[in-house]
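Got your viewer open? Let's take a short walk through this model, one selection at a time.

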Amino acid sequence: MAISILILLCLLQSFNFASSQSFIGVNYGQVADNLPPPSATAKLLQSTAVQKVRLYGADPAIIKALADTGIGIVIGAANGDIPALASDPNFATQWVNSNVLAYPSSKIILITVGNEVLLSNDQNLISQLLPAMQNMQKALTSASLGGKVKVSTVHSMAILSQSDPPSSGLFSPAYQDTMKGLLQFQKDNGSPIAVNPYPFFAYQSDPRPETLAFCLFQPNSGRVDSGNGIKYMNMFDAQVDAVRSALNAMGFNDIEILVAETGWPYKGDSNEVGPSVENARAYNGNLISRLRSMVGTPLMPGKSVDTYIFALYDEDLKPGPGSERSFGLFKPDLSMTYDIGLSKSSLTPSTPKPPATSSPSPATVGWCVPKTGASDTQLQASLDYACGQGIDCGPIQPGGACFIPDTLASHAAYAINLYYQASAKNPWNCDFSETAALTSKNPSKISILTPTLFPFMYTKFMQLLTLEMTTSRFLFEHLLT
């Protein structure tokens, strides 16, 4: 009887694994003198769940190295190219020929024209941005690539005049006319608006413990949007939804959002607030878990925004504070700076095995449970956080199969463990602000066939058993016919 359930679980598991990685990308900056060869980087990327790479230029060696890998490539035209792109359609044609058509085996999916141009305050350059994008699009269309390769530009979050609460998000009046033209172009051509949300900088401007938890996707009391009553549980969602609100306010409800950059440095100067390995691992690891959950944001539920993490490697020649040179997920020797669960070897589902006749080895199992002594306030925060990350908390609602026993401790334990099991199962997925811990002892290892002691579990078991028998009989009868 367990065969059909096992097959169904295998199908669901393989579907989730296959479909849940397409939105994870990484930025590949090159302001460094110690980077590994592009061929080595291509092999590294193929060993991870990363499916897209964003370049800040159009380096031929990198584009060639990524040929036939299936990895999507975003290439960039520099701010310095904008005047020529805007004034000379032939320059745009040559640019496309040299940087796109020359690499038919490479999967180029997007061209970004300029980077944070609106913040340059160069009015001449800003006025040339839209014509440059239009000529780039015309060149792609002429090359029969108009529907395959999109054109966009990357914006800083500073283009918003207000973003708190998220429902009040508006583009700055200084950029309104420019944004209308850019967004109309993107709507007409089906390209996304690309933005750079950085909760790290939000924390630096408000370095309170509760802000850190909010920025790191860790349990917190949340922040209620006074405009619509939505309770936000993390800064990333709040920042992305502020952009969504700004788009909606201008009538561009159907333009998709792409996160071109987001990340957290693992070290910085002594006077910098926030950089650390622990914070970087928490932010990037929890961000990836959040994306994989497909829960989306409150204003864009049920889907994950394409997100490019900054960055693949450190860039040791970058100017500025130490944190600017310390965002790399990997070191030049290709080892991980810290583990956030990107390796395919840690994600690939194992082959299902028949039920064991003896208990599994403690080393092969793991559950996440609240720590002894956790207060009701901490348990409630953990419960609210876990249920806000897209897991199914219906069973612990009134009438649900796991509502009894109706205690905060029981409900929190259910939610915490379910969140952990649905994540990449990294140790930091069972932290909950140091109020939870991993255990090798199954907390639910009790006899569910004791109706007098556990009626709710007995009833649920019998319902599942009946459903399985009915399903098996149905499949058997159809096989005979």
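Start by selecting residues 150-156, which make up strand β5. This strand is mostly covered, with six of its seven residues buried. Keep in mind as you click around that you're looking at a predicted model.

Next, add residues 107-115 to your selection: that's strand β4. β4 and β5 pair in the parallel sense, and four bridges link them. Want to see one of the partners? Click I111, then look across to V151 in β5, its bridge partner.

Now for the nonpolar cores. In soluble globular proteins, nonpolar side chains tend to be buried together. Here, the largest nonpolar core holds 112 residues. Select I75, V113, F171 and M179, the members that touch the most others in that core. Zoom in on M179: leaving aside residues up to four places away in sequence, M179 touches L118, H155, I159, F171, I193 and M250. There's also a second, separate core of seven residues, and V74, L110, V154 and Y308 are among them.

Last stop: an enclosed space. How many cavities of 30 Å³ or more turn up in a search of the whole structure? One. The largest cavity contains about 60 Å³ of space. To see its lining, select F236, D237, R290, L291, V295, G296, T297, K303, S304 and V305. Helices α10 (235-249) and α11 (277-292), along with strand β12 (296-297), each give two or more residues to that lining. Try colouring the lining by class: you'll get four nonpolar, three polar and three charged residues.

Definitions and conventions: Residues are numbered from 1 along each chain as its sequence is written. This is a predicted model: local features need pLDDT of at least 70, side-chain atom pairs count only at pLDDT 80 or more; totals for chains, interfaces and linings use all residues. Side-chain values use heavy atoms; hydrogens and water are left out. A nonpolar core is a set of buried Ala, Val, Leu, Ile, Met, Phe, Trp, Tyr and Cys residues joined through side-chain atoms within 4.5 Å. Buried means under 20% relative accessible area, exposed over 50%, partly exposed in between (1.4 Å probe, protein chains only). Contact means heavy atoms within 4.5 Å. On a 1 Å grid over the protein atoms alone, a cavity is a set of points where a 1.4 Å probe fits but cannot get out, and a pocket is an open set with protein on both sides within 12 Å along at least five of seven lines; lining residues have an atom within 4 Å of a point. Grid points are joined across faces, edges and corners, and a volume is the space filled by probe spheres set on the points. Ala, Val, Leu, Ile, Met, Phe, Trp, Tyr, Cys and Pro count as nonpolar, Asp, Glu, Lys and Arg as charged, and the others, Gly among them, as polar. Two strands pair if DSSP finds at least two bridges between them.
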